[in-house]
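Let's take a look together at how parts of one protein chain can meet. Have the sequence and the 3D structure open as you read.

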Amino acid sequence: MNRFHREKVHLQKPFAKKDYLRGKYSYVMKLELSHLSSFSSAEMLASKATDIHKAFSTIYNKNGLGNDFLGWVRLPSSISPKFIDEMVQCAATLHTKSDLFVVIGIGGSYLGARAVIEALSNPFTGTQPQIVYAGHNMSEDYLAALLEVLDKKDYSVCVISKSGTTTEPAIAFRIIKRHLENKYGVQEASSRIVTITDKAKGALKQMADNKGYRTFVIPDDIGGRYSVLTPVGLLPISVAGFDIRKLIAGAGEMERLCLSSQSVNNNPVAQYAAVRHALYEAGKTNEILVNYEPCLNYLSEWWKQLFGESHGKQHKGIFPASVTFTTDLHSMGQYIQEGLRNLFETVISIGQPHHELRIPDAADDLDQLNYIAGSRLSEVNHKAELGTILAHEDGDVPNIRILLPELSETTLGQLIYFFEMSCALSGYMLGVNPFDQPGVEAYKKNMFALLGKKGYEQQSEALKARMLE
Ligand code: PA5
């Protein structure tokens, strides 16, 4: 196991698990709505209670837009232990023969795995095997640099694409497959490749069948950005050494919570969706996801894709942005405090770090830090968090706060389901299909036309004419 912790010590105000007990379910996430600036959470929740109820019904009755893509709703409780065992077994095999594991995918086919792995890994030493990513850009220098590393390491590859035809991962896979075959020979290379794709369609599926690659299926009814709890996320996370059973169990707690109550009075998922929608209607059209732990940067990237791709259509939707504090308080902090007042923040607050580090006393006190000597760094970080929330609230930036007792597979599982369900609810309240992404086709068509792909001749001429203007 690569768990990045040695000992756990309580901060001044430890999370008490009993605070988060709700009936039979012991979920540990807490939502705080007491810093919404001039807005009243009670009024906002009351104003959205009916809409939230309707949105939940639409999801559970499967009668809304995109209802073919609701497989994630009951996913945590429906994954069979046998299937998890198979994935863990496959991950263990890859683990033993690899110093490095390449995850090839883009968007929903890589961000969820990266979010969880980076949230739980040592930021400097990573995991064993080290997880690296490809196919999420088309930078020649990036891939060439990766190949230089792959020359010197034993590695395996997992290529993830639901459609099996996405350009970026297809190019990366073609190049890395050639490298792998040259390095190990075709037969051994095949045993080092796992494909995760649609059960029947797409070039990747056909290639996997032809070559006999180990394959896991992405269910038909789960779209890319909702797929982290399918093999798309679970296999890489398991190869990295993290406990996917706990991740699924955490998500399962949120699944059960949502089934047991859809009320804005006691369900934090409903509350988050309700308040962010009310803020949007009040002109707060930009949401900034804030963290105070840099290991959460990729969770923010995953969250941005989830909400941005699900809601940004028909010229509607909250623009999702993210910052890491206190780092970005020294850059974006100025804008947030005093810029255009169309912002609100959602802060992910982590109760306990996994390590203990205290600020030492200094005889000369030249830096004037002796007043906090003996304090833990996390206490200072938490005071910065509280001070910032209050300052931004004073600056008319409402703050929603999501409190997690610690970073673990279980709490990340809860957070993933929390965001997925609130994203679907918000999408239906907005009146859009939260499960499609028609807008991402525009750049692809132009790129294919400019590259001279067959079938794009007419568009190619039109683009060339525009470029000459
Ligand atoms: O959420 C989505 O559907 C997208 O972000 C896709 O995951 C992304 O475009 C990659 O698609 P595919 O898995 O088909 O390669």
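## Where domain 1 meets domain 2

Across the interface of domain 1 and domain 2, the rule finds 16 residue pairs in polar contact, both residues being at pLDDT 80 or more. A polar contact is a pair of N or O atoms within 3.5 Å; within protein, one must be able to donate a hydrogen and the other to accept it, and residues adjacent in sequence count only if both atoms are side-chain atoms.

Three elements each give two or more residues to the side of domain 1 that touches domain 2. Helices here are DSSP runs (H or I, at least four residues), numbered from the N terminus.

| Helix | Residues |
|---|---|
| H10 | 244–260 |
| H12 | 297–311 |
| H15 | 409–430 |

The largest share of this side, eight residues, comes from H12.

The same interface also holds one salt bridge by the rule, which asks for a side-chain nitrogen of Lys or Arg within 4 Å of a carboxyl oxygen of Asp or Glu. Arginine 225 forms a salt bridge with glutamate 309, with 3.3 Å between the closest N and O atoms.

In total, 27 residues of domain 1 are in contact with 26 residues of domain 2, contact meaning heavy atoms within 4.5 Å.

A word on the basis: this is a predicted model, where local features need pLDDT of at least 70, side-chain atom pairs count only at pLDDT 80 or more, and totals for chains, interfaces and linings use all residues. Residues are numbered from 1 along each chain as its sequence is written, and side-chain values use heavy atoms, leaving out hydrogens and water.
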